[in-house]
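Thanks for coming. I will keep this short and stick to what can be read from the coordinates.

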Amino acid sequence: MLSLSTRRRPLSPPAPDSTVPEGRGPARRRPAGRTDPPARHRWISPLALLLTWQAGSAVGLIPERLLPGPSTIAATGLELLRDGTLLPAIGTSLQRVLIGFGIGAAAGTVLAVATGLSRWGENLLDPPMQMLRTLPIFGLIPLFILWFGIGELPKVALVVIAVVIPLYVNTYAGIRGVDARFHEVARVVGLGRAGTLRHVVLPGALPNLLVGLRLSLGSAWLALIVAEQINVDEGLGFMINSAREFLRTDIVVFGLIVYSLLGLATDSLVRLLERKALVWRRGLRP
Amino acid sequence: MAPRTATLTTAGEAAAVRGVHKAFDGRTVLDDLDLTIVEGEFVALLGRSGSGKSTLLRLLAGLDLEHGGDVGTADSVMVAFQEPRLLPWKKVGANVVLGLDTDDPRGRASSALGEVGLAGHADAWPATLSGGEAQRASLARALVRDPGLLLLDEPFGALDALTRATMHDLVLRLWEQHRPGVLLVTHDVDEALQLADRALVLTDGRISWESAIDLERPRHRQDPRLLDLRTEILAELGVDMNGTP
Ligand SMILES: Nc1ncnc2c1ncn2[C@@H]1O[C@H](COP(=O)(O)OP(=O)(O)OP(=O)(O)O)[C@@H](O)[C@H]1O
Ligand SMILES: [Mg+2]
């Protein structure tokens, strides 16, 4: 759990055929941290891409009809915000994701606990879950339309399925991975079943559960985007689809950007949670 | 083998093992073993690697119920394992009072930690403790429950010689205060001779040798009686004093 780093110091002077010129001190001295470029350099290439794109659009190299320039897209975004299209659309889509995610996360965790803690649960529940895992979930769309019609239900159901599986698989692995020696400690100090679950199993599985959470949030958004391609009359997917009919590429691209920003936001939320919940893993910190 | 548990019938005993048999996959490890530890007695258990010391300890701890014969123990049994086994996701104090039914967990934790010289570490994460500190926290976790029987499975095995000596003093002091019956599993003959009231050697599934160590503590390493016992134990363990094991 702790990461160990070893720093080696050269024990002998550089070999004669070394490329290091003589009389320049130790062969491979590496001043820690000084050779690593600062993290803010990571902004350089995205900014350069954006500028190239803008320039390409401005001089007409990139046809406006296929891909409008960043400034056009930003203006479109502002316009959508001002005329009251954007926020309700985001609200609707966010609501679908959150409902589906909530149900899926709860179901995935409960299933994983049931499977992880009892042989009965494992034998009865794990096989169908593994079967579900191999199912291409987007192949379920026609079936869901037949079953649930074209309202909110099939969309939310698709998100639920997309969330349950990664969360279940990871949490189950986490629970099974909790060191048997910690279970013995729980027995020795007389923690009951509930106490063992609370103090040993769940915290021990938490790192995996959080990984599952991030993966499942990602697939929740993916499932939503696909689900919103079919028969919608509100939400971000509707905004994008109607824009396509009027050849408003700028709105389509802007919609995509909103999707990815929303995904980024929810992901950062989980990462924040991760940092808070897993302080114990950092161990030796200043 | 049917799981069998027995409650202790005789007063004044911390542990009573009668005719215990234990096999793994048909291979016998403990064979008709008898052992009694009276209240407050400090017993050291020696034996070659694989002789079944940890197996016996797990039976006494109630971690393994699949055995023949009777195993009876005091009401409360606590274990300190070779590794400290602190839950890494709980602060040290919370580890010490894990599962303890008390109105004042913080107070109990810090007084128990104070006893092992870790006052002020209650809010540290286990990963920040040194090996010796973690082992002391694990001792605090065992002793905070005032067990009638304390099982120690090579708890000092992983420590350096200096820390080990300090731990010996600490264990003796805690034992004198709390007076649990102790079963200390160890590889170190000198450790057994320094600490215990009685030393046992486990060979071929039974107690093959035992002797009381009726000497005042602290004991001098070069005491001729200890040296005699040492030679006897090493012979019993099959170690030739003049050569290699
Ligand atoms: N769960 C198990 N399954 C199968 N065999 C086991 C199991 N636990 C212990 N054994 C076997 O029982 C024997 C006794 O093991 P045990 O751990 O009690 O030895 P020990 O005396 O504690 O040795 P050491 O001093 O090396 O710790 C060994 O041969 C071991 O391989
Ligand atoms: Mg052992």
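I will go through chain A, then chain B, then the ligand.

One caution before starting: this is a predicted model.

Chain A. The secondary structure here is 11 helices and zero strands. Read from the N terminus, the order of elements is therefore simply α-α-α-α-α-α-α-α-α-α-α. Of its 286 residues, 37% are buried. The exposed area of chain A is about 18000 Å², and 65% of that is supplied by carbon and sulfur atoms. As for contacts with a separation of 6 or more, 72% of those in chain A are between residues 24 or more positions apart.

Two positions in chain A are worth a look. Start with Val163(A), which sits in helix H6, residues 152–177. Is Val163(A) buried or exposed? Val163(A) has a relative accessible area of 0%, and because the cut-off for buried is under 20%, it counts as buried. What does Val163(A) touch, beyond residues up to four places away in sequence? The list is Phe101(A), Gly104(A), Ala105(A), Ser216(A) and Ala220(A). There is also a C-alpha distance to mention: Val163(A) and Gly102(A) are 61 residues apart along the chain, and their C-alpha atoms are separated by 8.9 Å.

The second position is Glu228(A). This residue is in the loop that runs between helix H8 (193–227) and helix H9 (236–245) of chain A. Glu228(A) is a buried residue too, at 0% relative accessible area. Which side chain joins that of Glu228(A) in a polar contact of 2.5 Å? The partner is Arg96(A). Setting aside neighbours within four places in sequence, Glu228(A) has contacts with Ser93(A), Arg96(A), Gly235(A), Leu236(A), Gly237(A), Asn241(A) and Tyr259(A).

On to chain B. This chain has seven helices and nine strands. Its radius of gyration is 18 Å, close to the 18 Å that the globule rule gives for 245 residues, so chain B is as compact as a globular protein of that length. Along the principal axes, the C-alpha atoms fill a box of roughly 45 × 45 × 35 Å. Buried residues account for 52% of the 245 in chain B. About 10900 Å² of chain B is exposed, with 47% of it from carbon and sulfur atoms. Of the chain B contacts with a separation of 6 or more, 68% are between residues 24 or more positions apart.

Last, ligand 1. There are 13 residues around ligand 1, and those that come nearest are Ser49(B), Gly50(B), Lys53(B), Ser54(B) and Thr55(B). By class, the shell divides into two nonpolar, seven polar and four charged residues. Where does the shell come from? Strand S2 (27–38) and helix H1 (53–61) of chain B each supply at least two residues. The largest share, three residues, is from H1(B).

Three side chains have an N or O atom to point out here. That of Ser54(B) is 2.7 Å from an oxygen atom of ligand 1. For His187(B) the corresponding distance to a ligand 1 oxygen is 3.0 Å, and for Arg27(B) it is 3.3 Å. Taken alone, ligand 1 exposes 630 Å², of which the protein buries 62%.

That is the tour; I will take questions.

Terms used
Residues numbered from 1 in each chain as written. Chains lettered and ligands numbered in written order. Predicted model: local features only at pLDDT ≥ 70, side-chain atom pairs only at ≥ 80, totals over all residues. Heavy atoms only, no water. Near = heavy atom within 4 Å. Polar contact = N/O pair within 3.5 Å; in protein donor to acceptor, adjacent residues only side chain to side chain. Areas by Shrake-Rupley, 256 points an atom, 1.4 Å probe, with all protein chains shown as cover. Helix = DSSP H or I, 4+ residues; strand = E, 2+ residues; numbered from the N terminus. Nonpolar A, V, L, I, M, F, W, Y, C, P; charged D, E, K, R; others polar. Rg over C-alpha atoms; globule rule 2.2 N^0.38 Å. Buried < 20%, exposed > 50% of the residue type's maximum accessible area, 1.4 Å probe, protein only. Contact = heavy atoms within 4.5 Å.
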